[in-house]
Amino acid sequence: MDSVRFDRAGTGGAGRGIPLALKILVAGGFGAGKTTLVSALSEVRPLQTEEILSGAGVATDDLSGVETKSTTTVAMDFGRITINEDLQLYLFGTPGQDRFWFLWDELAFGALGAVVLADTRRLADCFPSIDYFEQRGIPFVVGVNCFDGSRRFDLETVRRALDLDPDVPLVLCDARDRQSGKLVLISLVEHVARQRGEPVPAA
């Protein structure tokens with residue numbers, strides 16, 4: 001990861017002076033692990049806007065497969081990770097429920113790309129995130145969050161189920177593990193570099 005460098009225009013090269021800050025979104029369905037991933041990666045105390053689930057959301061919040069979930073993000077999560085002296089990533093976790101999607105356009109403004117977290121227990125929940133980034137031409141990768149006790153599928157099966165384009169990276173991850181999360185970010189940065197025709201750093 002330390003070999004990834006961008007200049008002020010984001011076109012490659014070793015920058016100097018003030019670190020370049022790049023914005024990355026962390027999206028996915030309700031309960032997919034967005035807040036957990038941002039918290040695991042952030043080197044500063046993450047900003048979280050989680051509220052306790054209440055009876056008011058019973059008609060709108062489907063807890064099938066995530067029955068133990070007791071809180072939900074109502075605005076965004078925010079964290080920061082320093083890659084090297086020239087590059088910092090600002091992580092913005094999006095809310096997962098339909099009624100908060102009006103926030104997405106503001107959060108997505110100026111984003112380098114996005115990580116879409118997929119939960120194989122509720123795989124269809126990440127379709128709206130994938131559609132959103134595809135329609136707006138925002139590069140993204142899909143991280144399959146491996147929850148304890150959930151059924152495991154090979155990546156090709158998941159790719160077919162999500163109908164992903166062949167060039168969209170698809171990786172397994174554990175949102176609780178910092179190193180696993182960093183590998184997902186590496187995959188995204190390399191994907192963006194390939195799309196821009198820039199040299200892809202060695203893993």
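Which residues of α1 and α5 meet? In this predicted model, L37, A40 and L41 in α1 meet R178, G181, K182 and L185 in α5. By class, the residues of this contact divide into four nonpolar, one polar and two charged. Two packed helices are described by the angle between their axes and the distance between the axes. For helix α1 (residues 34-41) and helix α5 (residues 178-195), the angle is about 100° and the axes are 9 Å apart. Angles of 65 to 115 degrees count as roughly perpendicular, and α1 and α5 are therefore roughly perpendicular to each other.

**Overall architecture**

The protein has five helices and eight strands. Read from the N terminus on, its elements follow the order β-α-β-β-β-β-α-β-α-β-α-β-α. The protein contains 203 residues, of which 50% count as buried. Among contacts with a separation of 6 or more, 70% come from residues 24 or more positions apart.

**Cavity**

A search of the whole structure finds one cavity of 30 Å³ or more. The space in the largest cavity is about 40 Å³. Its lining consists of G29, F30, A32, L117, A118, D119, R122, D125 and C126. Five of the lining residues are nonpolar, one is polar and three are charged.

**Two residues in and before β8**

The table lists accessibility for a residue of strand β8 and a residue of the loop that precedes this strand.

| Residue | Location | Relative accessibility | Class |
|---|---|---|---|
| L172 | strand β8 (residues 170-173) | 47% | partly exposed |
| D163 | loop between α4 (155-162) and β8 | 62% | exposed |

L172 lies in strand β8. Leaving aside neighbours within four places in sequence, L172 is in contact with V144, C146 and L155. For one of these partners, V144, the C-alpha atom is separated from that of L172 by 4.8 Å, although the two residues are 28 residues apart along the chain. Exposure is assigned by cut-off: buried means under 20% relative accessible area and exposed means over 50%, with partly exposed in between. L172, at 47%, therefore counts as partly exposed.

D163 sits in the loop between α4 and β8. With a relative accessibility of 62%, D163 counts as exposed. Most residues other than glycine have a negative phi. The phi of D163 is near 55°, a positive value in a residue other than glycine.

Technical notes. Residues numbered from 1 in each chain as written. Predicted model: local features only at pLDDT ≥ 70, side-chain atom pairs only at ≥ 80, totals over all residues. Heavy atoms only, no water. 1 Å grid on protein atoms, 1.4 Å probe; cavity = no way out; pocket = protein on both sides within 12 Å on 5 of 7 lines; lining within 4 Å. Points joined across faces, edges and corners; volume = space filled by probe spheres on them. Nonpolar A, V, L, I, M, F, W, Y, C, P; charged D, E, K, R; others polar. Axes fitted to C-alpha atoms, helices over the stretch in contact; angles between N-to-C directions. Helix = DSSP H or I, 4+ residues; strand = E, 2+ residues; numbered from the N terminus. Parallel < 35°, antiparallel > 145°, perpendicular 65-115°, else oblique. Contact = heavy atoms within 4.5 Å. Buried < 20%, exposed > 50% of the residue type's maximum accessible area, 1.4 Å probe, protein only.
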